[in-house]
Amino acid sequence: MSDQDRISEVGNTGAGTTYEEPLLFELSREGRAGYSLPELDVPRVLPEEILPEGSVREDLKTLPELSEVEIVRHFTRLSTWNAAVDFGLYPLGSCTMKYNPKINEKIARIPGFLLAHPRQPDALLQGFLELCYELESQLAAISGMDRVTLQPAAGAQGELAGIMMIRAYHEARDEQRTKIIIPDTAHGTNPASAALNGYKVVEVPSSDEGILSPEAVAGAMDDDVAGIMVTNPNTLGFFEEHMTAISEIVHARGGLVYGDGANLNALMGVARPGDLGIDVMHFNLHKTFSTPHGGGGPGSGPVGVKNLLAPHLPTPVIQKEVGAEGPQFRLENDLPHSIGRLHGNFGNAGMFVRAYTYLRSLGPEGLKHCSEMAVLNANYILARLRGTPYRIPFDRTVMHECIVSDAELSETGVTTADIAKRLIDHGYHPPTTYFPLIVPGALMIEPTETESREGLDRFVDALLSIAEEAKTDPDTVRTAPHHTRRSRMDETKAARHPVLKWTPEPPT
Ligand SMILES: *Cc1c(COP(=O)(O)O)cnc(C)c1O
């Protein structure tokens, strides 16, 4: 019996209920369908006869044909091959894989939100527009900014929008500035956003303490600098203690300050970027405000600005007008100095409902408690790893994430990637590796606020047992993972010869 026959007979070439899973294309049988429609009682018309030429695709003939139950089982089984935050700790540093409370989903499924169409007239979208308006106001209150746009579809697009507004600001003042200052710990999207706006990136090194020094910024600052991009807390997990002084140095020479707010989950209710001199910043709803991401949903990267940048906000902006019949919400497109539209519609609107729910269900005290627990959990992990084979490159109190280095284990021949893969065998999604770039052998761990102490202990125990194993049985670590459906990929081959399209195997 061939594999193909076995798959179609029992649907499983794995063991027990740990299913092996063929491709949908391999499961396909001609004529099988997941629907049944009544007989037509009107004359049949072929799409080709009524649609303009070229609108009927010819290349869909090879789409797989399956029944509903086959499709449901296929995707449900595949989902069990993946790590997910609902399965266990997902300590991917910088990405903030925090638990997504289920009440967010419940509210997002209220039919008025779920079934709203972005092209409905404003008058029929009042509830949704009010939610957007309120979410903007709450993000502004949390961050100390004056105005917020929800349009950008990810943090990276938020950065792009923010730097576009900085450019529009200087251009409106007839200033041709050419450079953006970025610290060496920055996330890769920061220099990319500056470069996409035509700016030259000036990199400044961080101090021995892992933060920016005012002197380093002053040394790089001149009248050609349009602004600085600072992540706070930074990607080493440290609070930029000199932020106010740095903002003053940049402002004094006419530059603006961009705040990368991806790590706001450590600051909510504790400190406001707007109070530290930040002129424009993005939020990552999918990190800080618990909307699902990393395969679970799209991102959302709202941008907050101080009033001096408000004329450049993307259009449309939501206006609230209080009249005789109560408040009305309206989309304003007439903003002559706007950088324009960034998204075909409102942005990733379903995420606004989830983030708003998160904010309202926690309230100000709850948000502050989240930040405090995120910081406590990261410091607990760091404390447990102190004095172990993992080196701590900057041994200071951290915010929401911590970084350790496995450089001391390198003599065993085991690499950072090997340790990360071996963690999968212990049931964990690996932490971020080899980032930030300035720490060799970096493992960047972000536990988030929802993990229990026992959960954190189990994770640290796994890391310690792998360090031990690296010395006693390095081969097992080097060839991990061993307890997954797919073992280690040939990453070079995957990058050089990616197979992105299924083609039927020629008959043998
Ligand atoms: C995640 C992240 C970004 C980019 O955000 P996306 O939503 O992934 O585009 C930017 N900066 C930092 C520090 C981040 O962690």
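"Buried" here means under 20% relative accessible area and "exposed" means over 50%, with "partly exposed" in between (1.4 Å probe, protein chains only). Everything below comes from a predicted model, where local features need pLDDT of at least 70, side-chain atom pairs count only at pLDDT 80 or more, and totals for chains, interfaces and linings use all residues. Residues are numbered from 1 along each chain as its sequence is written, and side-chain values use heavy atoms, leaving out hydrogens and water.

**View 1. Arg 253 and Asp 223 meet in a salt bridge.** A salt bridge is a side-chain nitrogen of Lys or Arg within 4 Å of a carboxyl oxygen of Asp or Glu. In this pair the N to O distance is 3.0 Å. Arg 253 sits in the loop between helix 11 (243–252) and strand 5, and Asp 223 in the loop between helix 10 (214–220) and strand 4, so the contact ties together parts 30 residues apart in sequence. Helices (H or I, at least four residues) and strands (E, at least two) are DSSP runs, numbered from the N terminus. Arg 253 is partly exposed, at 37% relative accessible area, and Asp 223 is partly exposed too, at 49%.

**View 2. Strand 5 is mostly covered.** Here 5 of its 5 residues are buried. Look at one side of strand 5 and you'll find Leu 256, Tyr 258 and Asp 260; on the other are Val 257 and Gly 259. Strand 5 pairs with strand 4 in the parallel sense, over 5 bridges; two strands count as paired if DSSP finds at least two bridges between them. In this pairing, Val 230 stands opposite Gly 259.

**View 3. Helix 9 has its buried residues on the same side.** Helix 9 spans residues 189–196, and its buried residues are Asn 190, Ser 193 and Ala 194. They cover an arc of only 100° around the axis, which puts them on the same side of the helix; that arc is taken from the directions from the helix axis to the C-beta atoms. What covers them? The cover includes helix 8 (155–172), strand 2 (179–183), strand 3 (200–204), strand 4 (225–231) and strand 5 (256–260), with contact meaning heavy atoms within 4.5 Å. Just after helix 9, Gly 198 takes a positive phi of about 85°.

**View 4. Asp 475 and Arg 478 form a salt bridge in helix 16.** The closest N and O atoms are 2.6 Å apart. These two residues are 3 apart in helix 16 (residues 474–478), so they are separated by about one helical turn. Asp 475 is partly exposed at 46% relative accessibility, and Arg 478 is partly exposed at 35%. Elsewhere, Arg 384, Arg 453, Asp 457 and Asp 461 are joined into one network by salt bridges that share partners.

**View 5. Arg 272 and Asp 275 make another salt bridge.** The N to O distance is 3.0 Å. Arg 272 counts as partly exposed at 34% relative accessibility, as does Asp 275 at 49%. The count for the model comes to 25 salt bridges.

**View 6. Leu 23, Phe 25 and Trp 502 make a nonpolar surface patch.** The patch is about 240 Å², an area from the Shrake-Rupley method with a 1.4 Å probe, where for residues only the protein chains shown count as cover. Patches use residues with over 30% relative accessible area and no salt bridge, joining like charges within 9 Å and nonpolar side chains (Val, Leu, Ile, Met, Phe, Trp, Tyr) within 5 Å. Leu 23 is in the loop between helix 1 (3–10) and helix 2 (24–27), and is partly exposed at 40%.
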